[in-house]
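This report introduces a structure to a reader who has not met it before. Please look through the sequence and the model shown below before reading on.

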Amino acid sequence: NKMTFLFVYLQVCFLMSFSTGMTEKERIKLREEVRGMFYHAYEGYIKYAYPYDELRPLSCDGHDTWGSYSLTLIDALDTLGVMENKTEFQRVVELIIEKANFDVNINVSVFETSIRILGGLLSGHLMSKKMGVDVEDGWPCAGPLLRISKDVADKLLPAFDTPTGMPYGTVNLRDGVPEGETPITCTAGVGTYIIEFGTLSRLTGDPVYEEVAMRALHGIWDHRSSINLVGNHIDVLTGRWAAQDSGIGAGIDSYFEYLVKGAALLQKPELMAIFIEARTAIDKYLHHEDWYLWATMTKGYVTMAVFQSLEAYWPGVLALLGDINSAQKIIFNYHQVWKQFGFTPEFYNIPQAEAPVNREGYPLRPELIESLMYLYQATKDDTFLEMGADILTSIQHTAKTECGYATKQPSTCSYFLTRRTGCITWERQDKFIKLALGIVSLKLVDTSIILKLIL
Amino acid sequence: MILRSKIMMACKLLCFLLAVVIVVHSRGPLTRKVSSPQPFFPRHSLVSDFYTGDVAKLTERLLGADLSLVVYYAPWDRDSQHLRWEMEKAARYHHEQIYFAAVNCWHPNSECKTRYKIRTYPAIVLHVRSVSGTETKALAYGGPRDAGHIIRFLSRALHPLTHVASHADLARLQMEHNAVVLGYYDFSTVKQLPRGFISYYLASLRSLQHHKTSAIAWGVVTNHKVATALSFNETRSVHLVLWNTTLVFTNAASSNSEGMSNWVNKWVDETTIWVDIPGTKSMALHSVLQKGPTLILFTPDNPYHTVNDPFTVLREISLDYSNCNQSSRVSNLARYLSSLRAKSRIQLRQAERVCRSYLQNQLHILHLSKQQFNSKDETCCGSEPSSEAGTTTGDQQSKVCDMCTHPTRTLTTPEELCTNPISWEEDSGLLHHVNKLMTVFSDSCRHLMLQYSPWEHYSVCCQRNNTLAKAKSSYIPHTPEKKEAFDVGSGHPDDRIEKLVALAAEDQCKRLFHGSLVAPHSFVKDQHPAPDITGLGCKTNKTLTFVAVDSLRHGDVAEKLGVNLTTREPQKTAAVIVDVAREAHFIMDASLSKLTLANFIINYTHGLLDRILVTGHVDTNRCKPSQICIQELTSENYLKFTQEMGKMVVVLHYSSNCAACTTVGHVFMTVAHMARHIPNITFARINILTNTLPWNLYFQTLPSIIVHPHYRKSDSSVFDSTLPLTPANLMSFLVSNLDPSHRLSLALSTCRDDCHEQVVQAAAVATTQLHHLMTVTTTKLQDVLHRLVKLKETPHEIPHWENHYQILVHTKHLLVRDIKTQRVKLNHLNQVQKLVPSNSNKLLIESDLLKSLQYIIQSKSNSKKTLESSTLHNEL
């Protein structure tokens with residue numbers, strides 16, 4: 001049961017190919033626009049918000065959202081690498097090494113800490129050599145950033161100590177799982193560790209991280225329904241589902257994403273086998289006219305016909321799988337939504353073709369552009385470049401502020417930043433830009449960099 | 001300059017910050033209100049911009065014109081932003097006949113936003129005023145969003161009906177269109193419009209939406225005699241004249257426009273169609289291809305040209321091909337088409353002649369503007385007196401401020417636009433082209449900018465600003481330049497008919513010029529008569545469908561099929577047969593003519609064509625000898641490369657669209673590195689997404705690794721995809737496919753420090769063992785010699801003396817030989833111990849080592865015999 005990649009001859013070139021092509025000049029122009037976007041946001045942060053965690057792009061000041069770690073720096077590190085800004089990369093690495101101290105009494109989200117801190121540190125670590133950092137002997141299996149990553153991961157490990165192997169959602173960096181912490185974790189919060197933890201295990205040689213991540217992934221799959229669907233939230237102590245809505249979006253999304261990416265990165269056919277089985281059920285119960293709906297996990301009855309902004313990662317995953325045809329059909333739907341609103345709203349009612357009131361926000365989510373990047377890299381079809389350019393244009397038009405990029409909330413005709421969205425703003429805009437860069441074929445970014453560097 | 005850029009900057013900030021309402025929270029603003037709507041089109045644009053989304057006002061204006069083209073846009077939308085300039089160009093062309101408007105249909109709470117739901121911006125809608133003048137009928141335009149195609153759509157919308165006054169008119173329509181709808185309406189009896197005529201008119205407009213490429217003509221018969229000749233029984237009846245038959249719409253009199261166009265759409269039957277790939281989600285091409293084998297003709301569909309020679313050739317061929325019952329009607333039509341092609345070439349020459357003098361005038365003006373362009377960006381427009389007062393943001397600098405409020409791209413900073421425009425030299429090729437051609441421009445810079453997309457980049461700074469200020473002046477119809485433009489055929493501007501003639505002449509020249517900018521006329525060279533293919537379509541089970549695809553807009557489709565359009569004759573024209581069911585396609589090599597196309601079809605029908613294997617572009621990077629490199633193969637060199645005798649080729653079949661392929665690269669590289677000292681082994685890879693291979697090399701799963709061995713090429717084997725792809729697994733797979741000598745050298749080359757020590761140790765152990773063995777053998781030999789001596793001393797007394805003697809002699813020989821080989825072995829072992837460096841600093845002399853080890857291997861096989869002899873000896 002090796003990963004199977006279907007390749008359908010001819011249809012690839014016939015199904016949809018519209019672009020009249022983009023000249024090299026236009027391509028470079030787009031790339032430079034994206035670079036400009038990054039520096040606009042990055043310099044905004046350095047100027048107005050450093051050394052706080054995050055920038056608030058409307059008031060142009062900084063605030064701490066997590067601890068006082070200049071979190072944005074960790075997030076931006078690999079983007080600096082992608083931009084090939086060696087001096088700034090080296091400066092930031094030094095700053096991170098100097099300031100890193102995770103022995104503090106705060107409660108953090110296991111999920112966010114893994115994808116942001118751990119992911120940021122690990123990709124920074126792997127890029128160090130290329131960025132001209134003096135790496136120590138034994139790199140990539142040794143190095144200050146790797147040690148910090150290990151330290152962070154060790155502090156997350158207590159969350160995985162449950163009867164089912166599925167982790168708690170929150171952990172205290174000093175004391176482990178807090179007293180009275182809820183055992184209910186969303187599916188994505190259970191199954192989104194294998195890339196970072198697997199990488200850490202392969203680099204340090206300590207198998208424990210990969211093992212706990214795999215156990216959590218299997219934990220979810222072992223509790224799937226009789227029709228192979230998984231729910232939204234699960235009790236990590238008992239394995240009972242707390243929310244039984246099944247879909248591919250919020251609460252579940254990155255579980256599927258990490259199955260595929262983990263399988264590819266770590267060469268784990270067993271994860272691919274899970275994904276293929278899960279996808280068969282998804283296509284059977286949730287897939288309608290290239291949209292994905294929500295349904296009950298037990299019977300597969302449709303409950304909500306909505307498209308969520310978060311779901312836009314799906315065509316990218318299919319592209320990674322090699323199923324370009326399906327990926328293209330789906331992304332055309334999502335792109336239409338973008339063309340309707342200038343962004344993908346959090347919720348989009350498919351039959352009525354509109355966004356419900358109060359669900360129209362857009363916290364600069366990178367999913368759609370990530371999918372476009374994979375599709376473009378797979379097909380080199382300029383259609384996807386054009387779609388990417390559409391996205392850039394509208395972001396630049398509406399979300400740009402004097403010192404960064406703000407999230408969108410057009411239902412109230414305003415852009416807003418709550419504490420929560422403010423907290424994710426940098427990460428979103430950063431990843432967004434990274435992916436946008438990938439799409440203008442500067443480099444493959446993000447996990448792909450890890451993919452390429454790991455032996 | 002500085003002042004200007006500062007103001008530009010200020011304006012840019014206005015885009016974002018103007019009218020911003022800041023909600024103050026404890027630590028700063030958390031929300032920002034959306035800025036008030038800004039004009040989207042230049043201030044003096046020919047397109048009225050309702051940027052506040054005021055639909056009521058728009059409707060009022062729409063009722064003032066017969067035809068109006070309205071764009072419903074969103075300011076953030078990239079396509080809307082591009083469409084602006086295309087609309088300007090289209091408006092330049094048709095503003096005298098059509099009202100152009102744009103309305104911001106995104107701005108929250110605007111009337112447009114609340115009233116209409118636009119699924120995809122921008123929406124282009126043609127509004128047709130009803131006869132009563134109280135309402136408009138909306139027809140959406142879904143074609144390409146460039147000026148040329150919009151202009152073509154509008155030209156057709158202006159003249160959707162053709163008067164058919166004789167049988168010859170019908171024949172002409174039939175030649176120019178795939179199908180003709182004919183309506184008989186009697187205008188003589190009533191003062192008003194005949195009943196049903198409005199429906200017929202609207203149906204013809206409606207058909208523009210469905211048939212974007214003028215496949216269907218709508219004719220009107222008014223004369224009773226003609227109607228009878230065309231077998232019309234009564235007024236208000238509608239016929240559909242197809243290539244092989246004529247259908248009668250029985251409900252014509254009682255149908256509305258929708259019913260009529262539905263009927264036409266239902267029954268229309270064309271032997272050849274243009275397939276329009278719309279740019280949104282569509283299965284247009286897919287659904288055609290699924291039906292069966294398809295001949296696709298890639299040919300430029302120039303929106304300014306009325307004739308398309310390659311397409312007409314295709315029609316001729318397709319008519320003959322589908323003419324199953326040898327109908328003379330069809331074969332005549334095909335013959336007419338042939339003559340039509342010859343005629344249209346002559347007509348084009350004539351038009352070129354007619355337009356020449358007129359265009360030369362314009363060329364002169366173009367030269368003037370170009371010179372002004374070159375001298376300095378200010379002078380280009382500076383010489384023009386500004387007839388307009390300054391705008392709100394500054395009087396003298398009105399240009400600048402307009403620029404700021406309507407940037408083409410919000411991203412580019414004003415400075416960038418002004419100081420670093422795409423250089424003149426870079427566009428010199430285009431300029432040269434433009435220069436060679438004639439122009440219908442008047443002297444305004446703005447015209448240049450709007451008519452030529454290549455100039456847009458360049459001229460942003462000086463014209464876009466300037467235009468706004470001076471645009472009006474150049475549009476006053478009787479400026480000297482404009483007058484010049486009308487002086488083509490007549491000098492009597494009051495005469496309405498002559499003016500119409502002049503206008504038509506001007507229009508022809510305009511089209512000629514614009515068309516030549518898009519793509520030259522392509523004409524097919526017909527030298528030899530084509531073979532007869534009449535009715536071929538019914539004599540085969542591989543019946544072809546004929547479609548044409550615009551190679552100007554969809555060249556990439558051709559490219560993906562492996563057609564290089566640039567080398568084609570006539571330009572950008574290629575014929576491809578695609579057979580999806582058989583997963584094969586065929587490209588016509590010869591340049592297009594009726595003869596070659598017919599031969600191509602005949603060859604296809606008889607199965608004489610070879611399947612085309614698409615080849616990706618070759619990476620020219622040669623790698624240095626010191627590097628480990630994986631050669632990138634293409635379908636062209638794959639077989640030659642892998643089938644070379646004495647060379648083993650390991651090929652990784654991958655595709656750029658599978659994630660698993662991205663993570664096997666290092667495994668493959670590692671193995672290539674390990675195997676680098678094996679002679680005559682090459683590692684290569686092929687991207688099967690861009691390269692098609694013969695079916696025997698087609699894999700269901702990717703990545704796949706195949707080994708083409710050194711000699712027995714038919715014994716290629718594929719890496720077992722159920723095994724994890726690790727360096728160890730891949731290596732053992734490779735080794736299992738090596739012949740012994742190569743296996744040995746591989747074993748050696750993978751031997752490093754640790755391994756060396758082991759070899760040295762093993763050699764030491766083996767030496768000791770050999771010494772021991774030699775002692776044993778020598779003792780045995782002594783024993784045998786001893787017994788031989790004894791035996792000789794006592795001859796013939798022991799029974800079987802002869803046998804004993806012979807066995808002993810034989811054993812002696814064997815033992816002597818053993819000792820010899822053991823000595824050789826010992827010698828080689830000593831050599832090995834010398835050659836294998838005990839520390840890594842010493843250089844390893846590979847070839848020597850290889851030689852020694854080969855000896856050892858050989859002697860090992862000898863030692864087997866030794867073993868046999870010793871058992872023999874023991875038996876004694």
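The following paragraphs treat chain B, its disulfides, its aromatic rings and one helix of chain A.

This is a predicted model, in which local features need pLDDT of at least 70 and side-chain atom pairs count only at pLDDT 80 or more, while totals for chains, interfaces and linings use all residues. Residues are numbered from 1 along each chain as its sequence is written, chains are lettered from A and ligands numbered from 1 in the order in which they are written, and side-chain values use heavy atoms, with hydrogens and water left out.

**Chain B as a whole**

Chain B has 30 helices and 22 strands; helices (H or I, at least four residues) and strands (E, at least two) are DSSP runs, numbered from the N terminus. Of its 876 residues, 50% are buried, where buried means under 20% relative accessible area, exposed over 50%, and partly exposed in between (1.4 Å probe, protein chains only). The accessible surface of chain B is about 42,300 Å², and carbon and sulfur atoms contribute 54% of that surface; such areas come from the Shrake-Rupley method with a 1.4 Å probe, and for residues only the protein chains shown count as cover. Among contacts in chain B with a separation of 6 or more, 75% are between residues 24 or more positions apart, a contact being heavy atoms within 4.5 Å.

**Disulfides**

A disulfide is a covalent bond between the sulfur atoms of two cysteines. Here the term is applied to a pair of cysteine sulfur atoms within 2.5 Å, and the count over all chains is 3.

| Disulfide | S to S distance |
|---|---|
| B:C105 and B:C112 | 2.0 Å |
| B:C324 and B:C538 | 1.5 Å |
| B:C355 and B:C509 | 2.0 Å |

B:C324 lies in the loop between α11 (309-322) and α12 (328-375) of chain B, and B:C538 in the loop between α20 (496-518) and β15 (545-550), so this disulfide ties together parts that are 214 residues apart in sequence. B:C324 is partly exposed at 39% relative accessible area, and B:C538 is also partly exposed, at 44%.

The bond between B:C355 and B:C509 has an S-S torsion of about -90° and is therefore left-handed. It links distant parts of the chain, with B:C355 in helix α12 and B:C509 in helix α20 of chain B, 154 residues apart. Both of these cysteines, B:C355 and B:C509, are buried.

For B:C105 and B:C112 the torsion about the S-S bond is about -90°, so that disulfide is left-handed. B:C105 is buried at 0% relative accessibility, and B:C112 is buried at 0% as well.

**Aromatic rings**

Over all chains there are 40 aromatic pairs; rings of Phe, Tyr and Trp (its six-membered ring) pair if their centres lie within 6.5 Å, and planes under 30 degrees apart count as stacked, over 60 as edge-to-face and the rest as tilted. B:F40 and B:Y73 have ring centres 4.2 Å apart and planes at 10°, so they are stacked. B:F40 is in the loop between β2 (28-33) and β3 (48-50) of chain B, and B:Y73 is in strand β4 (residues 67-73), 33 residues apart. B:F40 is buried at 5% relative accessible area, and B:Y73 is buried at 1%. In chain A, ring pairs link A:Y255, A:F256, A:F275, A:Y292, A:Y313 and A:W314 into a cluster.

**Helix α5 of chain A**

Of the 18 residues of α5(A), 16 are buried, so the helix is largely enclosed by the rest of the structure. A kink of about 30° is centred on A:G119, the bend at a residue being the angle between axes fitted to the seven residues ending there and the seven starting there.
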